[in-house]
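Work through these exercises with the model open. Try each task before you read its solution.

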Amino acid sequence: MFETLASRELYRDSSFRVTVDDYQLPEAKTGTLLQIHHPGGVAVLAMDVSGRIPLVRQYRYAVKQKLWEIPAGKLDKVPGETPEAGALRELREETGCTAGQVVPLGCIYPSPGIDTEVLYLYAAKVVGRTTQELDEDEFIDVFWVSPHEFQQMVGDGRISDAKTICAWSRALLRGLISLS
């Protein structure tokens with residue numbers, strides 16, 4: 001197994017830490033690894049009574065393009081917040097939607113080779129709408145698509161965001177989405 005020999009912090013802000021770790025491998029080999037320590041996040045695939053799904057479209061600086069995504073965000077915004085409560089909060093803030101029934105879809109590790117992030121995925125039924133409550137650095141447009149349109153967007157590559165594809169796949173496999 002890997003054993004950490006030393007860890008040096010390179011950066012810290014209110015949400016993230018970046019470290020460089022020296023570690024021991026089996027057979028006395030050693031290595032160095034950059035690691036991003038993330039507070040965890042949530043993402044929610046929501047559907048209204050007619051089955052339409054709200055997608056958010058926002059510019060992602062790291063990839064220098066606008067992406068189609070389901071509502072999502074970090075878990076460190078509200079101290080002690082549960083992942084389910086965080087998912088409902090992000091849905092409300094980013095789309096203006098409130099939800100009733102929430103179904104856990106499990107968690108995923110978006111980039112386990114470098115990042116400690118755990119993303120908790122949910123499906124939810126939209127029960128009401130209000131206004132968006134965006135952070136000052138968020139510029140999000142909301143679009144409503146049918147399950148069939150969503151499926152086409154995944155298939156043709158317009159949706160390339162991993163958490164969105166994972167939540168879609170899990171909800172589809174569990175029978176929570178109807179394509180008819």
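Buried means under 20% relative accessible area, exposed means over 50%, and partly exposed lies in between. Keep these cut-offs at hand. The model is predicted.

**Exercise 1. Classify two loop residues.**
Locate Lys64 and Glu27, and decide whether each is buried, partly exposed or exposed.

*Solution.*
- Step 1: Lys64 sits in the loop between β5 and β6 (65-69).
- Step 2: Its relative accessibility is 47%, so Lys64 counts as partly exposed.
- Step 3: Glu27 belongs to the loop between β2 (17-24) and β3 (30-37).
- Step 4: Glu27 has a relative accessible area of 69%, so it is exposed.
- Step 5: Now check the backbone. Lys64 is not a glycine, yet it has a positive phi of about 55°. Glu27 is not a glycine either, and its positive phi is about 65°.

**Exercise 2. Describe the overall fold.**
How many helices and strands does the protein chain have, and in what order do the elements run?

*Solution.*
- Step 1: Count the elements. There are three helices and 10 strands.
- Step 2: Read from the N terminus. The order is β-β-β-β-β-β-β-α-β-β-β-α-α.
- Step 3: Take the extent. The C-alpha atoms fill a box of roughly 60 × 35 × 30 Å along the principal axes.
- Step 4: Look at burial. Of the 180 residues, 38% count as buried.
- Step 5: Turn to the surface. The accessible area is about 10000 Å², and carbon and sulfur atoms account for 54% of it.
- Step 6: Consider contacts with a separation of 6 or more. Residues 24 or more positions apart make up 56% of them.

**Exercise 3. Map the nonpolar cores.**
Which residues have the most contacts inside the largest nonpolar core, and which elements each supply at least two of its residues?

*Solution.*
- Step 1: Start with the principle. In soluble globular proteins, nonpolar side chains tend to be buried together.
- Step 2: The largest core has 21 residues, and Leu45, Ile53, Leu55, Ile70 and Phe150 have the most contacts inside it.
- Step 3: At least two residues each come from β4 (41-47), β5 (53-60), β8 (97-108), β9 (119-129), α2 (147-155) and α3 (162-173).
- Step 4: A separate core has 11 residues, including Val42, Val44, Leu75 and Ala87.
- Step 5: Trace one member of the largest core. Leaving out residues up to four places away in sequence, Ile70 touches Ala43, Val44, Leu45, Leu55, Val56, Phe150, Lys163, Thr164 and Ala167.

**Exercise 4. Follow a buried arginine.**
Is Arg89 buried or exposed, and what does its side chain contact?

*Solution.*
- Step 1: Arg89 is part of helix α1 (residues 83-95).
- Step 2: The relative accessibility of Arg89 is 6%, so it counts as buried.
- Step 3: Its side chain makes a polar contact of 2.8 Å with the side chain of Glu81.
- Step 4: Arg89 also forms a salt bridge with Glu90, with the closest N and O atoms 2.8 Å apart. Both partners are buried.
- Step 5: List the contacts beyond four places in sequence. Arg89 touches Lys74, Lys77, Val78 and Glu81.

**Exercise 5. Compare salt-bridge settings.**
The structure holds 12 salt bridges. Classify the partners in Glu9–Arg12 and in Lys163–Asp161.

*Solution.*
- Step 1: The closest N and O atoms of Glu9 and Arg12 are 2.9 Å apart.
- Step 2: Glu9 has 41% relative accessibility, so it is partly exposed. Arg12 has 54%, so it is exposed.
- Step 3: Lys163 and Asp161 meet at 2.9 Å, N to O.
- Step 4: Lys163 is buried at 11%, and Asp161 is buried at 12%.
- Step 5: Extend the pair. Shared salt-bridge partners join Arg60, Glu69, Asp161 and Lys163 into one network.

**Exercise 6. Inspect two aromatic residues.**
Where are Tyr11 and Phe143, and what surrounds Phe143?

*Solution.*
- Step 1: Tyr11 lies in strand β1 (residues 3-12). With 43% relative accessibility, Tyr11 is partly exposed.
- Step 2: Tyr11 joins Leu10, Leu34 and Ile114 in a nonpolar surface patch of about 360 Å².
- Step 3: Phe143 is in strand β10 (residues 141-145). It is partly exposed at 36% relative accessibility.
- Step 4: Beyond four places in sequence, Phe143 touches Ile53, Pro54, Leu55, Arg57 and Trp68.
- Step 5: Phe143 and Thr95 are 48 residues apart along the chain, with 9.0 Å between their C-alpha atoms.

Conventions:
Residues numbered from 1 in each chain as written. Predicted model: local features only at pLDDT ≥ 70, side-chain atom pairs only at ≥ 80, totals over all residues. Heavy atoms only, no water. Core = buried A, V, L, I, M, F, W, Y, C linked by side-chain atoms within 4.5 Å. Buried < 20%, exposed > 50% of the residue type's maximum accessible area, 1.4 Å probe, protein only. Helix = DSSP H or I, 4+ residues; strand = E, 2+ residues; numbered from the N terminus. Contact = heavy atoms within 4.5 Å. Polar contact = N/O pair within 3.5 Å; in protein donor to acceptor, adjacent residues only side chain to side chain. Patch = residues over 30% accessible without salt bridge, like charges linked within 9 Å, V, L, I, M, F, W, Y side chains within 5 Å. Areas by Shrake-Rupley, 256 points an atom, 1.4 Å probe, with all protein chains shown as cover. Salt bridge = Lys/Arg side-chain N within 4 Å of Asp/Glu carboxyl O.
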